Amino acid sequence: MGKAAQVLKLVRKINVGRMFDTAREISQQTGKNRLAVLTDIVWCGMKYSAGYMDYKVFAFYNLNGKQRATFVTRGYNNELIRRLNDKAYWDDFMDKVKFNRRFDRQLRRDWLEFAGSTPEDLGRFCEGKEWIMSKPLDACCGKGIEKLRPADFESMEALHEYLQQAGCGLVEEVVVQHPDIAAIYPNAVNTIRMATILTGDKATVVYAFIRIGNKGHVVDNLNSGGMAAPLDVETGKIKYPAADKDGIVYDRHPQTDTPITGAIIPFWKEAVALCEECAKVIPQVRYVGWDIAITEKGPVVIEGNQFPGHDILQLPVHCPDKIGMLPVIKKALGEA
């Protein structure tokens, strides 16, 4: 798809009212003329395939042309996924049961396909487990996921009925995260998103960040009040403070007062190797965001995402040099 087609696709999806609201907000924040800001937003859409939210979130109004050209924008990210990820294989990632079947070895935990199971099957799975995780087949952003204690139900039949009514797709063993990561925030499994690009038989980790829960929530997703911080791909060190969806920056966790910046992720080399291994399982999908949890025994795969996001690692607080992710992406593709 050419640049003109990308721009046309973005234009068709524009919420004009929100774009004008964004221009007004930026004008009030920066003191710049509203019409000038709006014109610049439109220009960036044509030049860089950037949506108006890209313009706001990446603070394009503070960047020059060379700096803007280093950012992975919404349009570029969509085109990258179109180029690298064969849509015929997306369901292997979107359907949680299919994913677990394909990546059973990398999951490194017990799981049960709920459809067609009986209370007896569920009872055998729950044996020796204090807690279990219930997931719908199409879970996204942590929605529909429940942590349940079988002992809280009168019988295995009652638990089975509850899961059926809740639309459960699969049941999994609960992942117990490493104490070093639990120390930052213990109420959720704080997962690592690690994106790989497969070129030939070489898998390259192009970025990584840790998502951290907050406000008592049992999931770490940003849409559920969580935060994220980028990791150094070579060392597994948290490079910069975390930020949430509202742009609030956290150098220490507000609930535990544990330092975030500078923390080291345990089993980092093993986590990188695990993602590189996963990247080769379905080579028709070459650009994937892997969600990894770190346990006391090492990394485990939670899920894979065939449509990785592009925004969270390019926030101003995470780009003090005002350089985005595009150079890293292009290098992994051999296009640098």
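A residue counts as buried here when its relative accessible area is under 20%, as exposed when that area is over 50%, and as partly exposed in between. The model is a predicted one.

With that cut-off, Asn 305 can be placed. Its relative accessible area is 16%, so Asn 305 is buried. The residue belongs to strand β11. Its side chain makes a polar contact of 3.5 Å with the side chain of Asp 291. Beyond its neighbours within four places in sequence, Asn 305 is also in contact with Phe 93, Arg 193, Tyr 287, Val 288 and Gly 289, among others.

Two of those partners, Val 288 and Gly 289, come up again around Met 194. Leaving aside neighbours within four places in sequence, Met 194 is in contact with Val 288, Gly 289 and Trp 290. The contacts of Met 194 also include Val 205, Tyr 207 and Ala 208, as well as Trp 268, Ala 271, Val 272 and Cys 275.

Met 194 leads into the largest nonpolar core, which has 41 residues. Met 194 is one of the six members that touch the most other members, and the others are Ile 192, Ile 210, Ile 260, Trp 290 and Ile 292. Several elements each supply at least two residues of this core: helices α8 (96-102) and α13, and strands β5 (192-199), β6 (202-212), β7 (227-230) and β10 (287-295). Helix α13 gives the largest share, 6 residues. Apart from this core lies another, of 23 residues, and Tyr 76, Leu 84, Met 325 and Ile 329 are among its members. In soluble globular proteins, nonpolar side chains tend to be buried together.

Another part of the model is built around a sheet. Strands of a sheet pair through backbone hydrogen bonds, in either the parallel or the antiparallel sense. Here 4 strands make an open sheet with antiparallel pairing, and their order is β1-β4-β2-β3. Strands β1 (111-113) and β3 (146-148) are at the edges, each pairing on one side only. From one strand to the next, the twist averages 25°. Strand β2 (residues 132-135) pairs with β3 in the antiparallel sense over 3 bridges. In one of these strands, β3, Leu 148 is the bridge partner of Ile 132.

Two helices can be described in relation to these strands. Helix α11 (residues 156-165) lies across β2, β3 and β4 (170-173), and runs at about 175° to β3. In helix α10, the residues Leu 122, Phe 125 and Cys 126 are buried. Viewed down the axis of α10, the buried residues fall within an arc of 90°, so they line one face of the helix. An α-helix has 3.6 residues a turn, so residues three or four places apart point the same way. The buried residues of α10 are covered by elements that include β1, β2, β4 and α11. Gly 128 follows α10 and has a positive phi, near 80°.

The loop between β1 and α10 (119-126) holds Ser 117. Ser 117 counts as buried because its relative accessibility is 11%. The side chain of Ser 117 reaches the backbone oxygen of Phe 114 at 2.7 Å. Not counting residues up to four places away in sequence, Ser 117 touches Leu 112 and His 160.

A second serine, Ser 224, sits in the loop between β6 and β7. Ser 224 counts as partly exposed, because its relative accessibility is 22%. Ser 224 and Asn 214 are 10 residues apart in sequence, and their C-alpha atoms are 8.3 Å apart in space.

Two further loop residues are notable for their backbone angles. Most residues other than glycine have a negative phi. Phe 267 has a positive phi, near 55°. Phe 267 is in the loop between β9 (249-250) and α13 (268-278), and is partly exposed, with a relative accessible area of 28%. Lys 322 also has a positive phi, near 65°. Its place is the loop between β11 (298-305) and α14 (326-333). With a relative accessible area of 35%, Lys 322 is partly exposed.

Methods: Residues are numbered from 1 along each chain as its sequence is written. This is a predicted model: local features need pLDDT of at least 70, side-chain atom pairs count only at pLDDT 80 or more; totals for chains, interfaces and linings use all residues. Side-chain values use heavy atoms; hydrogens and water are left out. Buried means under 20% relative accessible area, exposed over 50%, partly exposed in between (1.4 Å probe, protein chains only). Two strands pair if DSSP finds at least two bridges between them. Axes are lines fitted to C-alpha atoms, for helices over the stretch in contact, and angles run from 0 to 180 degrees between N-to-C directions. Contact means heavy atoms within 4.5 Å. A nonpolar core is a set of buried Ala, Val, Leu, Ile, Met, Phe, Trp, Tyr and Cys residues joined through side-chain atoms within 4.5 Å. A polar contact is a pair of N or O atoms within 3.5 Å; within protein, one must be able to donate a hydrogen and the other to accept it, and residues adjacent in sequence count only if both atoms are side-chain atoms. The arc is that of the directions from the helix axis to the C-beta atoms.
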